[in-house]
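Student: Could you pick one part of this model and take me through it slowly? I'd like to see how a single residue fits into its surroundings, and then how those surroundings are put together.

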Amino acid sequence: MVSVCFYFQVHQPFRMRNYPIFDIGKRQDYFDDEKNIEVLLKVARKCYLPANQLMLKLLKAHPEFRISFSLSGVFIEQCERWAPEVIESFKKLADTGKVEILSETYYHSLAYLFSKEEFKEQIEMHKKKIQDVFGVTPTVFRNTELIYSNEIAEFIEDMGFKGILSEGWDPILKDKSPNLIYRPATKGNIRLLMKNYRMADDIAFRFSNKGWSEWPLTTDKFCQWVNSINNTGKCLNLFMDYETFGEHQWEDTGIFNFISSLPSELLKNPDNDFKTPSELIDSYEPEGEINCQQMISWADVERDLSAWLGNRIQRSSASRIYEMEKEIKECGDKDLINDWRKLQTSDHFYYMCTKWFNDGDVHKYFNPYDSPYDSFINFMNVMNDLTLRLKDSEQMSVSSADEVNCNEMGKAV
Amino acid sequence: MKILMFGWEFPPFKSGGLGTACYDLTKGLSRQGLDVTFVMPTAPKKADAEFVNLLGANNFAGKVKIRKISSILTPYQSFSSYSEELKKLGTDYVKNSNDKEVYGNNLYTEVMRYSAAGSEIAEETDCDVIHMHDWMTYQAGINAKEHNKKPLVAHIHATEYDRTGGNPNKIISNIERNGLVKADVVIANSHFTKNNVIKHYGINPDKIEVVHWGIDSDNPHYNINQKSPFNKEKIVLFLGRITIQKGPDYFVETASKVLKYEPNTKFVVAGSGDMFERMVNRADELDILDRFIFTGFLRGADVHRAFQMADLYVMPSVSEPFGLVALEALKNGTPILISKQSGVSEVVTHALKVDFWDTDEMTNKIVNILKYSELREELKQNSFREVQQFNLDKPAEKTRQVYEKVIERYK
């Protein structure tokens, strides 16, 4: 039996507007609404709406079909403001009862690496958002960019989740197969689902690559590969960005036709079916332990944190933002806290990545800046304004506290 | 393959980037196994010994022959600077004992006098290709070609439009156009220059090849490790001719804006040129003259010392055909902020880039560079690694291919 488990990541950051040094202390609108609307509507038109429509059709046509999503809080927020029809279409999918919504940090952040308290708060915020919008409570967690370690698994289990997703990275799997359910090498009992990156990336990255020896990837061929897992594995975890459909792989590559014919083709073999992450965990016993002491992720060939924290400007800007945590939270200014959290979205640090800068590859495609250095400069300018606002609000609270003291003293006198 | 090249005196003579470019290309070509006869205008009273040193077997593998022609032409001359040069020489050098003029009485006549040597040299020199560098040598090259009917390559390092900030001298631009038109192939040092040549002179894009410049990797001056003399103050460096082309005005305007945010900054200006006085006056008007240090024209090791002391090198050029000096800065481990109106910005990725007129954006970037050591370090480390790929062999290899192609066409 092979259970195919689709999980699609859905996320859009709040991109910043051009914020030169002259704006510090003068403008508090950090985010480029115009640009964010433009991107959201474009991706909605090319991906979210047509892909959701297709998924709904497939879910209705094939009672056995299952998919799962993780939608970042900042994505949902943007849709609520500018593209409510997108949220409606996701709701329709969730209402079929065959679609699982996963947990993640509301701000698609790297919070775990800097502040466990903030990490926890963002997961709670996200949980509440999912409950409000979809009426369900997520039970399986996936961290930003599948960042994972034993330690994270333990923390997540303590928060009450029954499963966690990770990259099926060979040095971590050692000789094990990604196509089985595992337990992390921790004291707990949480289940670990590992991405089969070879087959997931065949769809997400290589599908339209004419230089790839397996091009074109037909449903027939892909199903044969799935069938061949039957002897050795129980699941096939196909984790990828949802934007694969129509945005990363354009419609004219045939990606929609591919996914459209996949369920019927796969189900021709009675040994195949589809499951959500929760169903996998409920259906299969774990087959051993996976020991992952270092931090891994699903990004780049290194599968480490270097896409977001690989250089000095990334590490420094990220630590600076978390250094503000205590004071920001104490000041209690909701707008300030909200802006501070939006700056935590991992994309801002991804834009500062210098390691692939020469290659003009995937990093460039997603980067609104001409260079990683420009992105750092913009980020630091905004950070400086945020710091000013924080100081102002602290002074205000100090002076109002003084006023209260004076009044009380007056009374006493 | 034998090349007859009309070029310029090699460094350390005061010939700016053009002399360096000629030296580097010749060195690269000789490493490719090509024989070069190099013709250069040579000022009076210069000792031959200096050239012998430069042509040591190590540098040129015995592949280069130098042919000197007495002339007071130097690159980047204008009609007025030529006249001044002529005056300085005094009558002894202008007229010989028979009272006949030795040098042209103006730049044009001197260029034509120099060019006459072209056919003479073509007569005595066996070659497969004639290669000439910038407008002053073009007529000499054309004369040579008329004599020996060999393919002619016009190398363009800067157009008259670049040098004058868009107000060309008609005589010069006509000579420039004529050379580009008569050449079988034009080598431009960037796409930026290629586009200018197409825009201003209507040259067929198909005959223009872009060969980006490189830099010599073995220079002992990179290891001087000069430290800044200041403790608290950071140094922002301008290094180049102080002429309209290099954007000195924008440097001063930016400095006054930067100082509002980072008052502990010194602006070092290394170079000389006709806009020096205007630069000083403007800084004085803005009441920031005390934040400026003017070093005058630097040469040799001092250039490298200046780079190594600086926290940032700024090249705000209005029109910079290539900008080799930016690569020099990187070789010395100094981060750079360069104008997008430059050839070098096409090839260097680890640099800050701005439009030359955008002094606000320049300020935004400079202030952040001065504020954050992590930004300086990251830029420094990545650009230092990147600059290693810009060596002399790549452009020489490409130039050789250009020769081969054009020779093939002549067969």
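Tutor: Let's start with a word we'll need: two residues are in contact when heavy atoms of theirs lie within 4.5 Å. Keep in mind that this is a predicted model, so everything here is read off computed coordinates.

Our way in is L18(B). Find it in helix 1 of chain B, which covers residues 16-31. Is L18(B) buried or exposed? Its relative accessibility is 4%, and the cut-off for buried is under 20%, so L18(B) counts as buried. What does L18(B) touch once residues up to four places away in sequence are set aside? The list is W8(B), P75(B), Y76(B), D134(B) and H157(B). You can follow the chain folding back here in another way, too: L18(B) and T74(B) are 56 residues apart in sequence, yet from C-alpha to C-alpha they are 9.7 Å apart in space.

Now zoom out to the sheets of chain B. Strands of a sheet pair through backbone hydrogen bonds, and they can do so either parallel or antiparallel. In chain B, seven strands make an open sheet with parallel pairing, and going across it you meet them in the order 3-2-1-4-5-6-7. Why do strand 3 (64-70) and strand 7 (208-210) of chain B each have one side without a neighbour in the sheet? They stand at the edges with a single partner strand each, so nothing in the sheet lies beside the other side. Between neighbouring strands of this sheet the turn is 20° on average, if you ignore direction.

Let's look closer at one pairing in that sheet. Strand 5 (residues 152-156) and strand 6 (residues 185-188) of chain B run parallel and are joined by four bridges. To see one of those partnerships, take V153(B): its bridge partner in strand 6 of chain B is V185(B).

What lies against these strands? Helix 18 of chain B, residues 393-410, packs on the sheet and touches strand 1, strand 4, strand 5, strand 6 and strand 7 of chain B. The direction of helix 18 makes about 170° with that of strand 6 of chain B. Another helix to find is helix 7 (residues 135-148) of chain B, which lies across strand 1 (2-6), strand 4 (129-133) and strand 5 of chain B. Helix 7 runs at about 165° to strand 4 of chain B.

Chain B has another open sheet to explore. Here six strands pair in parallel, in the order 10-9-8-11-12-13. Which strands of chain B are at the edges? They are strand 10 (292-296) and strand 13 (352-354), each pairing on one side only. For this sheet, too, neighbouring strands are turned by 20° on average, direction ignored. Strand 9 and strand 10 of chain B run parallel and share four bridges. Across that pairing, V268(B) stands opposite I293(B) in strand 10 of chain B.

Strand 9 also gives us a reason to talk about aromatic rings. A pair of rings is described by the distance of the centres and the angle of the planes. Counting over all chains, there are 45 aromatic pairs. For a warm-up, hop over to chain A: Y106(A) and Y107(A) form a tilted pair, with 4.7 Å from centre to centre and 50° between the planes. Both residues are tucked away, since Y106(A) is buried at a relative accessible area of 5% and Y107(A) is buried at 3%.

Set that beside a pair back in chain B, F251(B) and F267(B). Their ring centres are 5.8 Å apart and their planes meet at 80°, so this pair is edge-to-face. F251(B) lies in helix 11 (residues 248-261) of chain B, while F267(B) lies in strand 9 (residues 265-270) of chain B, so the pair ties together parts that are 16 residues apart in sequence. Both F251(B) and F267(B) are buried.

How values were computed: Residues numbered from 1 in each chain as written. Chains lettered and ligands numbered in written order. Predicted model: local features only at pLDDT ≥ 70, side-chain atom pairs only at ≥ 80, totals over all residues. Heavy atoms only, no water. Pairing = 2+ DSSP bridges. Helix = DSSP H or I, 4+ residues; strand = E, 2+ residues; numbered from the N terminus. Axes fitted to C-alpha atoms, helices over the stretch in contact; angles between N-to-C directions. Phe/Tyr/Trp six-rings, centres within 6.5 Å; stacked < 30°, edge-to-face > 60°. Buried < 20%, exposed > 50% of the residue type's maximum accessible area, 1.4 Å probe, protein only.
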